[in-house]
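Here are some notes for a reader who has not seen this structure before. They cover one residue, a surface patch and the internal cavities.

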Amino acid sequence: MNFQKTLFQSVGLSLLLFIAFFFNTENALAQKKKVAAIVIGGGGGTAVGANIFDLKDLNTMLENTGYKGFSGTSVALGANLNFIYKKLIMVSVIRKFPLENINTAGYRNKLNITYGLFDLGYIVYQYKNLTMYPMIGIGDGKINLSIYKKEPDSISTFSGVFNGTKKGMTVSNFNSILLDFAAGMNYRFGTGFNVGVQAGYLFSPFKADWFIDNTIFSDGPKTALSGPYINLLIGKYLF
């Protein structure tokens, strides 16, 4: 709970700061002399961050059937591709969140959350190598829930894997549309090395059904990828 509270506070504070910068941009630029700004550039890198997902209904169903629930706060690694042209900034994002629980009787339940986004932003403040921008984006995401029995430790050969007692299945939930509302700040060093931070809110406007192969379960728990997030960006501009 403390981590979730801290994350919420960080996201809220970041968005407030960026909104303040937005309304003060024109006045700030009017009082400064023009400086050389990044006109065009592109590159990529990694992102380390945290999201808060709405897993309440899923956890309730898991716990009612004897399995452990998952924390709604998930930490992940991801990748970013950035392109800047004058005042526009385009960002392509992919994130993956692997979670796993070990339950009684040797069973495990795993949750893999993956989503991708394409964001378009507008640079509202740029001073030398520092850029600040709000952005909006669209994408999709998928949740895979796997429940399986852990293999006994007696398996010692590769062929034993196929003759073991492992049984399980994976049920999926596809969020066909994700909307992203965010703001970011990047600093580009002279060598092209780039560090930044992005904070925002993911919103899934439609309820997604759970499915296995072509079988759809309309009575599954309501689970959405909606929630706040914050990411630390580390990468390099190639041009």
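1. Leu77 is a residue of strand E2. The model is predicted, and the values below are computed from it. Is Leu77 buried or exposed? Its relative accessibility is 60%, so Leu77 counts as exposed, the cut-off for that class being over 50%.

2. Leu77 belongs to a nonpolar patch on the surface. The other members are Val48, Val75, Tyr187, Phe189, Phe193, Leu232 and Ile234. Together these residues and Leu77 have about 720 Å² of accessible area. Two or more residues of the nonpolar patch come from strand E2 (73-85), and two or more from strand E11 (227-237).

3. Turning to the interior, how many cavities of 30 Å³ or more does a search of the whole structure find? The search finds 3. The largest cavity holds about 70 Å³ of space.

4. The lining of the largest cavity includes Gly43, Gly44, Gly45 and Thr46. Asn80, Asn82 and Asn194 also line it, as do Leu233, Ile234, Gly235, Lys236 and Tyr237. Strand E1 (40-52), E2 and E11 are the elements that give two or more residues to this lining. With 5 residues, E11 provides the largest share.

5. By residue class, the lining of the largest cavity has 8 polar, 3 nonpolar and 1 charged. Gly counts as polar here, which matters when reading that division.

6. One residue links the two topics: Ile234 is in the nonpolar patch and also lines the largest cavity. Strands E2 and E11 each give two or more residues to the patch and to the cavity lining.

Note on methods
Residues are numbered from 1 along each chain as its sequence is written. This is a predicted model: local features need pLDDT of at least 70, side-chain atom pairs count only at pLDDT 80 or more; totals for chains, interfaces and linings use all residues. Side-chain values use heavy atoms; hydrogens and water are left out. Patches are made of residues with over 30% relative accessible area and no salt bridge: like charges are joined within 9 Å, nonpolar side chains (Val, Leu, Ile, Met, Phe, Trp, Tyr) within 5 Å. Accessible areas come from the Shrake-Rupley method with a 1.4 Å probe; for residues, only the protein chains shown count as cover. A salt bridge is a side-chain nitrogen of Lys or Arg within 4 Å of a carboxyl oxygen of Asp or Glu. Helices (H or I, at least four residues) and strands (E, at least two) are DSSP runs, numbered from the N terminus. Buried means under 20% relative accessible area, exposed over 50%, partly exposed in between (1.4 Å probe, protein chains only). On a 1 Å grid over the protein atoms alone, a cavity is a set of points where a 1.4 Å probe fits but cannot get out, and a pocket is an open set with protein on both sides within 12 Å along at least five of seven lines; lining residues have an atom within 4 Å of a point. Grid points are joined across faces, edges and corners, and a volume is the space filled by probe spheres set on the points.
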